[in-house]
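Hi,

Here is the model I said I would pass on. Have a look, and my notes follow underneath.

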Amino acid sequence: MFVAAYSETGLAGLEFPTAVGSARRADSRDAGQRGVPTNSIRRWHEITVKALKTALTGRTPVGLPPLDMSSGTAFQRRVWSALRKIRPGQTRSYAEVANAIGRPRSARAVGGACGANPIPVLIPCHRVVSANGGLGGFSAGLKWKRLLLAREGIQLD
DNA sequence: GGACGTTTCTATG
DNA sequence: CATAGAAACGTCC
């Protein structure tokens, strides 16, 4: 079961279920937020669930809820924006992402930004792999990374 | 300072 | 060619 968290601005975070098997259904619910209009949350959440389901089947979500990335630094937001441009079935290396945001030598820092990504799946940090063909790492668990990539038909070699 | 979800550039054999 | 160091980035402890 996924848990979505919303702020005044939009979707602020997605919490992964720890066990892969328990997430067959792209179900989720909102974690109660204070001071955010309920109707906004309901609207965002509806979009979120839909987008999440779509993303989990390896396709590009038609619409995304507003994403609140205010928790991140300027660098991280640049990384996350670049990440959202990666289409399903494609992968990028950490270096390519670093290059895409104009910091060619920051591949490693990109890894850090990915790990800090508050919204997995919708911000496809799992499509970022090592340049040598390896998986790289994944904070939420490599199982997830493998599963998500497999969902999109990506060969892992 | 040290450690990371990395890469790339220099040696050295 | 294969292997080993080292340096560079941004963030957190």
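How far is a base oxygen of DNA strand B from an N or O atom in the side chain of arginine 108? The distance is 3.0 Å, which fits the polar contact cut-off (a pair of N or O atoms within 3.5 Å; within protein, one must be able to donate a hydrogen and the other to accept it, and residues adjacent in sequence count only if both atoms are side-chain atoms).

Before the rest, some housekeeping. This is a predicted model, where local features need pLDDT of at least 70 and side-chain atom pairs count only at pLDDT 80 or more, while totals for chains, interfaces and linings use all residues. Residues are numbered from 1 along each chain as its sequence is written, chains are lettered from A and ligands numbered from 1 in the order in which they are written, and side-chain values use heavy atoms, with hydrogens and water left out.

Strand B first. Two other contacts go to base nitrogens: a polar side-chain atom of serine 139 sits 2.8 Å from one, and a polar backbone atom of cysteine 125 is 3.1 Å from one. In total, 15 residues surround DNA strand B (near means a heavy atom within 4 Å). Helix H4 (107-115) is one of the elements supplying at least two of them, and H4 gives the most, with 4 residues (helices are DSSP runs of H or I, at least four residues, and strands are E runs of at least two, numbered from the N terminus). Of the strand B atoms within 4 Å of the protein, 40% belong to sugar or phosphate and the rest to bases.

On DNA strand C, the sugar or phosphate share of such atoms is 65%. A polar side-chain atom of threonine 73 comes to 2.4 Å from a phosphate oxygen there. Sugar or linking oxygens of strand C are 3.2 Å from a polar backbone atom of arginine 105 and 3.3 Å from a polar side-chain atom of serine 106. Helix H2 (74-83) and H4 are the elements that give two or more residues to this surface.

Now the rings. There are 4 aromatic pairs (ring centres of Phe, Tyr and Trp, its six-membered ring, within 6.5 Å; planes under 30 degrees apart are stacked, over 60 edge-to-face, the rest tilted). Phenylalanine 16 and tryptophan 144 pair edge-to-face, at 4.5 Å centre to centre and 85° between the planes. Phenylalanine 16 is in the loop between strands S2 (11-15) and S3 (28-31) and tryptophan 144 in helix H5 (residues 142-151), so the pair ties together parts 128 residues apart in sequence.

Cheers
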